Amino acid sequence: MSEPIRNKKLDSMTAPTPQNTPANAAPISSRAQQPGVASIKEEEMERAAAGLFAANPALVSMMQAKLGTLVGRPSGYIESLPASVRRRVAGLKGIQKDHSKLEAEFQEEVLQLEKKYFAKFTPLYETRAKIVNGASEPTEEQVKVGETKDEDDDDEEEAPKEEVNEDAGTNVKGIPEFWLSAMKNQISLAEMITDRDEGALKHLTDIRMEYLDRPGFRLIFEFEDNEHFTNKTITKTYFYQEENGYGGDFIYDHAEGDKINWKEGKDLTVRVESKKQRNKNTKQTRIVKKTVPTESFFNFFDPPKPPTDEDDATSDIEERLELDYQLGEDIKEKLIPRAIDWFTGEALQYENIEDFDEGEFEDEDDEEDDDLSDDRDEDEESDEENDGTKPKQEAAECKQS
């Protein structure tokens with residue numbers, strides 16, 4: 001339905017063509033002997049090239065800048081065509097513009113169809129929220145349908161039966177920690193949730209979505225009273241650009257999140273570091289505490305800001321913007337519509353786990369070793385020139401990493 005972040009530097013560039021190649025390219029026929037497989041050691045060449053680029057970042061930048069100037073440069077091919085052919089080319093471009101208008105109309109109608117069925121889904125979501133939070137119980141018919149196996153399940157091997165809890169659960173209200181469990185089964189969200197976050201997310205009572213009057217959507221997280229913040233709802237809004245993309249798709253523009261009103265000492269997006277300092281003159285020591293940003297799911301509500309200047313755009317910020325947008329899409333398209341399947345874990349069988357590169361994951365033991373190393377570094381004593389006055393607490397702005 002929508003396109004991810006586009007590199008603004010490439011917006012005005014036309015696609016390269018065979019005619020864009022330099023005029024002094026190597027001739028098709030050459031008396032120079034073609035290298036055979038035996039004469040090339042690709043691995044050695046790759047290692048040498050990697051070492052060369054690693055040692056010369058300026059060379060890499062120069063090559064990227066040079067290649068950037070070549071992409072989209074007019075080759076002169078169209079201008080070299082006869083006038084009658086150029087006229088036909090212009091006519092085809094006119095037809096293509098009519099096609100683009102129809103694509104935009106198609107996407108707009110798809111959006112209106114989505115909104116139409118979203119209005120039909122909404123009562124189901126409301127009933128789900130009441131059952132999850134213990135405001136009502138499912139009907140006998142709903143339970144009967146839910147316990148019926150799908151046709152696809154009959155083809156699968158019957159899994160060994162797990163031990164069933166015989167407790168009637170008369171004192172249990174709704175489905176405890178429903179949304180937290182569903183989010184932890186959703187791979188992209190699970191990576192963001194820390195142990196500290198779980199204490200707050202277990203108070204999550206509902207996740208909803210609504211469309212905007214303009215292209216875009218809003219995610220609404222509802223919470224019951226908790227010890228971490230005073231917000232009853234925390235929202236995040238995704239905005240699309242007013243103009244459609246090349247294929248008529250909506251283009252993501254930016255996101256805005258609500259400010260979280262943290263209770264004193266309960267901000268999950270920062271941690272307190274203690275550092276021992278020694279005065280050179282008096283040899284007295286003191287403990288200095290400061291707050292520093294830390295990983296947390298709640299950084300999701302403080303999205304990265306798009307660069308204001310094209311020159312400031314980097315691959316890092318582009319990746320962060322794309323990741324932030326994809327997380328919003330996953331919540332909108334996967335988590336909200338099929339929350340019960342994520343809660344039970346059944347939705348995982350429809351996820352393409354192979355899309356996640358093993359290189360992106362590391363053993364938890366390695367992370368713990370890194371944390372211990374960081375702690376040892378932080379515990380080192382730092383000398384200080386001034387007297388032993390009480391230091392001011394430093395607060396750092398928390399941004400989504």
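Is glutamate 177 buried, partly exposed or exposed? Let's start there. This is a predicted model, so everything I show you today is computed from it. Glutamate 177 has a relative accessibility of 40%, so it counts as partly exposed. You'll find glutamate 177 in the loop between helix H6 (151–155) and helix H7 (178–185). There's something else to notice about its backbone: glutamate 177 has a positive phi, about 55 degrees, although it is not a glycine.

Okay, on to a helix. Helix H10 covers residues 315–335, which makes 21 residues. How far apart are its end C-alpha atoms? At 1.5 Å a residue, H10 should span 30 Å, and the end C-alpha atoms are 28 Å apart, which agrees. Plenty of names come up when you ask what is buried in H10, among them Ile317, Leu321, Asp324, Tyr325 and Lys332. Here's a handy bit of background: an α-helix has 3.6 residues a turn, so residues three or four places apart point the same way.

Hold on to Lys332 for a second. The charged end of lysine 332 sits over the ring of phenylalanine 217, at 5.3 Å from the ring centre. We get another case with lysine 120, which lies over the face of tyrosine 117, 4.6 Å from the centre of that ring.

Hold on to Leu321 and Asp324 too, since they bring us to the cavity. How many cavities of 30 Å³ or more does the structure hold? Just one, and the space in the largest cavity is about 40 Å³. Its lining is made by Tyr252, His254, Ala255, Pro303, Pro304, Lys305, Pro306, Leu321 and Asp324. Two elements give two or more residues to that lining: strand E5 (250–257) and H10. E5 gives the most, with three residues. Sorted by class, the lining has six nonpolar residues, one polar and two charged.

Let's zoom in on one lining residue, alanine 255. It belongs to strand E5, and its relative accessible area is 7%, so alanine 255 is buried. Now look across to proline 304: the two C-alpha atoms are 8.2 Å apart, although the residues are 49 apart along the chain.

Last topic, the aromatic rings. How many aromatic pairs does the count come to? It comes to 25. Take phenylalanine 229 and tryptophan 262: their ring centres are 5.6 Å apart with 80 degrees between the planes, and the pair is edge-to-face. That pair links distant parts of the chain, 33 residues apart. Phenylalanine 229 is in the loop between strand E3 (216–223) and strand E4 (233–240), while tryptophan 262 is in the loop between E5 and strand E6 (270–279). Phenylalanine 229 has 2% relative accessibility, so it counts as buried.

Phenylalanine 297 and phenylalanine 298 make another pair. Their ring centres are 5.7 Å apart and the planes sit at 75 degrees, so this pair is edge-to-face as well. Both phenylalanine 297 and phenylalanine 298 are buried.

And which residues form one aromatic cluster? They are Phe221, Phe223, Phe229, Trp262, Phe297, Phe298, Phe300 and Phe301. So if you bring up the structure, find Phe229 and Trp262, and then look for Phe297 and Phe298, which belong to that cluster too. That's my tour, thanks for listening!

Terms used. Residues numbered from 1 in each chain as written. Predicted model: local features only at pLDDT ≥ 70, side-chain atom pairs only at ≥ 80, totals over all residues. Heavy atoms only, no water. Helix = DSSP H or I, 4+ residues; strand = E, 2+ residues; numbered from the N terminus. Expected span 1.5 Å × (residues − 1). Buried < 20%, exposed > 50% of the residue type's maximum accessible area, 1.4 Å probe, protein only. 1 Å grid on protein atoms, 1.4 Å probe; cavity = no way out; pocket = protein on both sides within 12 Å on 5 of 7 lines; lining within 4 Å. Points joined across faces, edges and corners; volume = space filled by probe spheres on them. Nonpolar A, V, L, I, M, F, W, Y, C, P; charged D, E, K, R; others polar. Phe/Tyr/Trp six-rings, centres within 6.5 Å; stacked < 30°, edge-to-face > 60°. Lys NZ or Arg CZ within 6 Å of the ring centre and 35° of its normal.
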